[in-house]
Amino acid sequence: MKKSRGFGKSARSSKAVALAIGLVALTLLLIPYIYQYENGTSNKLEKESKADVLHFNDSADKRNFVLHIGPAKTGTTTIQNQINSNKLRNQLALDNYDVIEHHVIHVRSSINEIDGSYSFSDEFLAVMDKLKTTRRNSNILGSSEYLNKRYPRGASGCSSVRNVLLGNMRNGEELWKLHIVFTYRRLYDSLPSLWNQKFKFHRENSLPVHRGHTDWPDDGGNRIIPFHEWIHKQLDDGKEDKYKFLHGYKSWKACSDSISVVNYYDHMVYPPNGTTPVEADLVSNFVCNGIPGASHTCSFLLQEIGLPEKANPSVDFLDFDMLAVYAHETGLISSAWESKIATKRIVQFATSDQTRSSSLPMRCPNETTLQLLYDHSLNFERTVMVSENKTQQRLDFNAGWEKALEKKMFCNYDPVEIVKREEWKKFFEESF
């Protein structure tokens, strides 16, 4: 039998040593990932599960490209006004954040999708090229609720969008990690506001302060649809996701490296390195819980005295606009009157007496429509807001629903019944 050439006992010993060294090295490599897994739930930004998110960037040394995608009617205008102000831009710069100019990203044409193909405005592309060239070591922040509608569709759409937002012009390497911020507001709260937004801008020169139509509907003017009719159509036309914002949320979530959901109703925020929550407004909540690494700006906002005024609020004259149109179409207001003047007179009469305005008859959605609204709202919350205490979450959800019903948030004044009242009959006879 031939003698082994060094593959005997000593060789087996060497293999054992090599195996032991290999196991130790593997353990050392895995420790950071084990730590990250065990401590992931305490992360304020709460990474989403790998089953739902395509992880493109695992490099910890890359900066963040943060996109706030709204959706609409979740305080986006208030947030955008603040992060684009000089005061907050200066604070964000201390956290190494550059803010994309509002007029660049907050336009419908900044990102467009047609049949799966994506195009970007020239101004937006120019800004991105400059950022990639001169600001690659900075974090980037941009906000536009339009992005929730213009979302990347499928793998090819995601690849196209990421290439423009994150890609290196020379070799295609991604320069940043894509982080999405989504602001959650309950559907039954946001839809009445969305209805108001839709119709308040159908005015002369698109100004929300304009009271009434440019013309009466029979002369080509715009007709406002009461909320109970509008919402039933939205929820019962087979397009149940149309105003649930879920398509945008799910698509950006799958296309991002991480995502944070800012709860519109959360008025308590933990300061950086703090153990006790403090009271905060929407913008502080957004910065502290939504923007990674913005600890300096978060601390600054929590120390500020005085909260920003609400921007882009709902208007309260739409019901009286509908009353004016009904009165005109039933002969109570002649065509000699401009609709905006007629509406203004009606508003003045209705609001001159608090008892009069608070006791006006109303028309509300029927039980079927209300049930649809409740079910869609609940499904939306269960999809977006993951809570450890589901019982309390449902109690809060139902409490908000009951409050909305009590405040008649889903109702409008009933013009048919209003014009039957004697004081209103007298008003129309004497005023028009």
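The legends below accompany close-up views of a predicted model of one protein chain.

**View 1. Overview of the predicted protein chain, with its secondary structure and surface.** The chain contains 18 helices and 11 strands, and 45% of its 432 residues count as buried. Its accessible surface comes to about 23600 Å², and carbon and sulfur atoms account for 51% of that area. Where contacts join residues at least 6 apart in sequence, 79% of them bring together residues at least 24 apart.

**View 2. Packing of helix 9 against helix 15.** Helix 9 spans residues 246-255 and helix 15 spans residues 367-384; their axes lie 11 Å apart and meet at an angle of about 10 degrees. Because angles under 35 degrees count as roughly parallel, helix 9 and helix 15 are described as roughly parallel to each other. On the side of helix 9 the contact is made by L246, Y249 and K250, while helix 15 contributes N379, F380, T383 and V384. By character, the residues of this contact divide into four nonpolar, two polar and one charged.

**View 3. The disulfide between C158 and C255.** Three disulfides are found in a search of the whole structure, and when the bonded cysteines are numbered in sequence order their pairing reads 1-2, 3-4, 5-6. In the link shown here, the sulfur atoms of C158 and C255 are 2.0 Å apart, and the value of 100 degrees about the S-S bond makes the link right-handed. The pair connects distant parts of the chain, with C158 in helix 6 (residues 154-166) and C255 in helix 9, 97 residues apart. C158 has a relative accessible area of 5% and is therefore buried, and C255 likewise counts as buried, at 1% relative accessibility.

**View 4. The disulfide between C288 and C298.** C288 is joined to C298 with an S to S distance of 2.0 Å, and this link is right-handed, with 105 degrees about the S-S bond. C288 lies in helix 10 (residues 282-290) and C298 in helix 11 (residues 295-303), so the disulfide ties together parts that are 10 residues apart in sequence. With a relative accessibility of 12%, C288 counts as buried, as does C298 at 2%.

**View 5. The disulfide between C364 and C411.** The sulfur atoms of C364 and C411 are 2.0 Å apart, and the link is right-handed, with 110 degrees about the S-S bond. Both partners sit in loops: C364 in the one between strand 10 (362-363) and helix 15, and C411 in the one between helix 16 (390-406) and strand 11 (412-413), so that the pair links distant parts of the chain, 47 residues apart. The two cysteines differ in their exposure class, for C364 is partly exposed with a relative accessible area of 36%, whereas C411 is buried with a relative accessible area of 12%.

**View 6. The cis peptide bond from G70 to P71.** Most residues other than glycine have a negative phi, and most peptide bonds are trans. The bond from G70 to P71 is cis, with omega near 5 degrees. G70 is placed in the loop between strand 1 (63-68) and helix 2 (76-83), and P71 is found in the loop between strand 1 and helix 2 as well. At 0% relative accessibility, G70 counts as buried. Leaving aside residues up to four places away in sequence, G70 touches T76, S144, E145, V181, F182 and T183. The C-alpha atoms of G70 and Y184 are 8.4 Å apart in space, although these residues are 114 apart in sequence.

**View 7. Positive phi values at N273 and K408.** N273 is not a glycine, yet its phi is positive, at about 65 degrees. N273 belongs to the loop between strand 8 (268-269) and strand 9 (278-279), where it is exposed, with a relative accessible area of 82%. K408, also a residue other than glycine, has a positive phi near 55 degrees. K408 is placed in the loop between helix 16 and strand 11 and is partly exposed, with a relative accessible area of 43%.

Definitions and conventions: Residues are numbered from 1 along each chain as its sequence is written. This is a predicted model: local features need pLDDT of at least 70, side-chain atom pairs count only at pLDDT 80 or more; totals for chains, interfaces and linings use all residues. Side-chain values use heavy atoms; hydrogens and water are left out. Axes are lines fitted to C-alpha atoms, for helices over the stretch in contact, and angles run from 0 to 180 degrees between N-to-C directions. Helices (H or I, at least four residues) and strands (E, at least two) are DSSP runs, numbered from the N terminus. Angles under 35 degrees count as roughly parallel, over 145 as roughly antiparallel, 65 to 115 as roughly perpendicular and the rest as oblique. Contact means heavy atoms within 4.5 Å. Ala, Val, Leu, Ile, Met, Phe, Trp, Tyr, Cys and Pro count as nonpolar, Asp, Glu, Lys and Arg as charged, and the others, Gly among them, as polar. Buried means under 20% relative accessible area, exposed over 50%, partly exposed in between (1.4 Å probe, protein chains only). Accessible areas come from the Shrake-Rupley method with a 1.4 Å probe; for residues, only the protein chains shown count as cover. A disulfide is a pair of cysteine sulfur atoms within 2.5 Å.
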